[in-house]
Structure formats: structure tokens, C-alpha cells
Amino acid sequence: MKVKYETVKQTLRNEIIDGKYKINEKLPTESELMKRFDVLRYTIRRAVGDLENEHYIYRIQGGGMFVQDWQRDWSTPEKNKIIGVISTHMADYIFPSIISGIDSVVTDQGYSLIVGNTLNNHDRERQTLLNMLDLKIAGLIIEPTQSALPNSNLDLYRQLQNYHIPTILFHSTYPGFSFPTLLTKDLEAEKELTKYLFKLGHSNILGIFQINDQQGVNRMSGMVQAYQEENIPITKSNIVMYQSNDAFTDIVNKADTILKANPHITAIACYNDELATRIISHLQSQGLQVPHDISVVGFDNYEMAQLITPKLTTVNHPKRQLGEDAGEMIIDMINDKSVTSKFYTPQIIKRDSAILVRSKEN
């Protein structure tokens, strides 16, 4: 349990980092802070004493307390040799490969990694960013959280930009910022994957896409564009849209409803391999054979994609390469070298889960 002075200290520090109090702006008086936090003067003095030692505030004799330029030491030789990595997930799927790629580069340069996990939640993203800033890390590599939705944390990203903290975004971007990015061409890849299904004779396709991340929106758009470019009636496509916090049972219930209402659907295109493997398992539990009754494709080339039965047709994600590139870019930025954004063109990995259409298709 936190003692009272720690609560006061953390609250004021977070408000300073958030920009509630600007550099050189006068802070409330000790009496005002005592009233606000309902604590004794000693508690306030101990909290602000720590903040002064940590260069968040400074005092003027007879004038009060003011906000210090708390990032002033970033350019000094004593800055921490720690690089922060913030991802929407961490312990599974493709993220260990990305993080391993980053670590393999920055460790050779004498840097350590600290990793944060937002669980694709804006509140967790905010606290993770504040924690990273409090450590005065040397640079940040960030996967945007719910990047297709409005984000109340953009004020912190403006702080990163204003203080010239080396920052790289991967998988998506935030509007209005000039951070270098590492992006896969999701729209183009999903378009080509859909056209591959067309070549196998599938024109009635069900797409299931996560739409609170820009990657999912782009992949969904790629499927739609494939129909348009191949002059196949878009009415033959069906789409289930979901968000990252939706229960899997809700997702498959929507899919089942569409499949029952549209018996001519012969293929399912999934947002990623993690979803595709669960969809295959669900279809098999319903007595359907994949791919003989219905084909299924994914995205990302997750390790499990080639271990399940049938092996999953998917699109390759440059996991390890992206991590290594991110590590090299952040080191260059820390050393004041210019960097440019990178774009990856994923390739289709053809396996067993998608085959030539059978007579079910009209």
C-alpha cells in the first residue's frame, strides 16, 4: 500500500508529464496542495522534495514552486541506456519474434530493453507511457493501441515529439505525427490473398476482420478492393467486423449466422492466423472439413500456422526482420542519425487450408 507522500508525488509527476503544468509554470502552494490531498505539510514537502531532486520542479526563494524542464538531461552522457518497447500484446503470437529481433540489435550496442504491454487498451497505454517516461529511457518503439479509433493519449505523443525523444511506431501510425514507422502493406497483401482465392474458384467469401486496429481496416479494404478490381459482384462477399475485446463466441455466432444464411460461401478470410486457427477448430467441431467443405486463410504466418491440421494458407509477416530493423533505427535516432520509414510487402504462403472450390459454389 502506498504511503501518502508517494501518492502525492506520483500524482504531481504524472500531471507534469501529461502537460497539465507547463515548463516554468507555477505550481499550487503547499497550503493548496495540503487541502487538495488532505495531508499534512510534512507530506507535501517530502513529495515535492523528491520531485525537486528528480528535476521535475524547482523553487524560487519567496516565489514558490515551478515546473522544471524534466527532460533536460536527455542529451547528457548520463542518460539511461534503456530502450522501451510497447506492444498491444507481448507473451504470445508474433510479438516474441519482434521483441527478440529488437533485443538482438540493441544489446550489441550496450542497451537494455524494458517491455510494456497495453493489451490494446488506451488506459493501459497511457500508464505504460508514463512509466517509460519516468524511467527517462533513451528511446521508444511503440505499436499503436486501437489505432483505428480516437485516442485520448495523443497529448503524451506530442510530449515525445516536443522533447525529441527518439520514437518509432510499428504496424500502424497516429495522425498528425512524423515518427518513423515500420509498416506491412496490409491492404495490398489481403488483396492478393483474396485474388488467390478467386483463382481457386472461390467468389463467395466470408471475411472476419478486427476493425479497432488500422491493420484490420486495411485488410478488410484489401478484400473489398479485390472484388472491385476483378469485377466480381461485391454482393458475393460477406464481412464480420469485431473489436479486440469481443468474445470469440460472439464472433463465431455472427459467422455461423452468415454461413447458414449463405450456403454458397466456400472460403473464409481471417484477420490473422490466431483467429484462423480458432475458426478452423470451431468449423471442425461443427462437423465441417477444412478445406474440403470450406477453405480458410489467415495472415501473419504465425508459428502454429504450419503445425495445425490442415496447415494454414496465410501471408508472411516479417516478424524478426521488423524487430531487427526497429532496433537499428532506434539506435541511429539515439545517435542523431537520420532514418526513413520502412514498408514490407508480405508474400502469400500457400499450404493446405485453401484448395480448388468444389461444386458447392455457383
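These legends go with a handful of close-up views of a predicted model.

**View 1. Helices α1 and α3 cross at about 45 degrees.** Here we're looking at α1, residues 4-18, packed on α3, residues 41-53, with the two axes 8 Å apart. With that angle, α1 and α3 are therefore oblique to each other, and their crossing is right-handed. On the α1 side, the residues to pick out are Lys-4, Tyr-5, Val-8, Lys-9, Leu-12 and Arg-13. Facing them from α3 are Thr-43, Ile-44, Arg-46, Ala-47, Val-48, Asp-50 and Leu-51. Sort the residues of this α1 and α3 contact by type and you get seven nonpolar, one polar and five charged.

**View 2. Helices α4 and α11 pack with their axes 7 Å apart.** The pair shown is α4 (residues 95-106) and α11 (residues 319-334), and the angle between them is about 40 degrees. That makes α4 oblique to α11. In handedness terms, α4 passes α11 in a right-handed crossing. From α4, the contact draws on Ser-97, Ile-98, Ser-100, Gly-101, Ile-102, Ser-104, Val-105 and Val-106. From α11, it takes in Lys-319, Arg-320, Leu-322, Gly-323, Glu-324, Ala-326, Gly-327, Glu-328, Ile-330 and Ile-331. The contact of α4 with α11 breaks down into eight nonpolar, six polar and four charged residues.

**View 3. Helices α9 and α10 cross at roughly 60 degrees.** The axes of α9, residues 248-261, and α10, residues 273-285, come within 11 Å. That crossing angle makes α9 oblique to α10, and α9 passes α10 in a right-handed crossing. Look for Phe-248, Val-252, Asp-256 and Leu-259 on α9, which meet Leu-275, Arg-278, Ile-279, His-282 and Leu-283 on α10. By type, the residues where α9 touches α10 split into six nonpolar, one polar and two charged.

**View 4. The largest pocket has a volume of about 530 Å³.** Its lining runs to 27 residues. Nearest the pocket's centre lie His-89, Gln-210, Tyr-271, Asn-272 and Glu-274. Helices α8 (214-229), α9 and α10 each chip in at least two lining residues. The largest share, three residues, comes from α10. As for chemistry, the lining of the largest pocket is made up of nine nonpolar, ten polar and eight charged residues.

**View 5. Two cis peptide bonds lead into prolines, Pro-291 and Pro-310.** Most peptide bonds are trans, as a bit of background for this view. The bond from Val-290 to Pro-291 is cis, with omega near 10 degrees. You'll find Pro-291 in the loop between α10 and β11 (295-297). The bond from Thr-309 to Pro-310 is cis too, with omega near -5 degrees. Pro-310 sits in the loop between β11 and β12 (314-315).

**View 6. Asn-120 has a positive phi.** Most residues other than glycine have a negative phi. For Asn-120, phi is near 55 degrees. To find Asn-120, go to the loop between β4 (112-117) and α5 (122-134).

Note on methods: Residues are numbered from 1 along each chain as its sequence is written. This is a predicted model: local features need pLDDT of at least 70, side-chain atom pairs count only at pLDDT 80 or more; totals for chains, interfaces and linings use all residues. Side-chain values use heavy atoms; hydrogens and water are left out. Axes are lines fitted to C-alpha atoms, for helices over the stretch in contact, and angles run from 0 to 180 degrees between N-to-C directions. Helices (H or I, at least four residues) and strands (E, at least two) are DSSP runs, numbered from the N terminus. Angles under 35 degrees count as roughly parallel, over 145 as roughly antiparallel, 65 to 115 as roughly perpendicular and the rest as oblique. A crossing is left-handed if the near helix is turned anticlockwise from the far one by less than a right angle, and right-handed if clockwise. Contact means heavy atoms within 4.5 Å. Ala, Val, Leu, Ile, Met, Phe, Trp, Tyr, Cys and Pro count as nonpolar, Asp, Glu, Lys and Arg as charged, and the others, Gly among them, as polar. On a 1 Å grid over the protein atoms alone, a cavity is a set of points where a 1.4 Å probe fits but cannot get out, and a pocket is an open set with protein on both sides within 12 Å along at least five of seven lines; lining residues have an atom within 4 Å of a point. Grid points are joined across faces, edges and corners, and a volume is the space filled by probe spheres set on the points.
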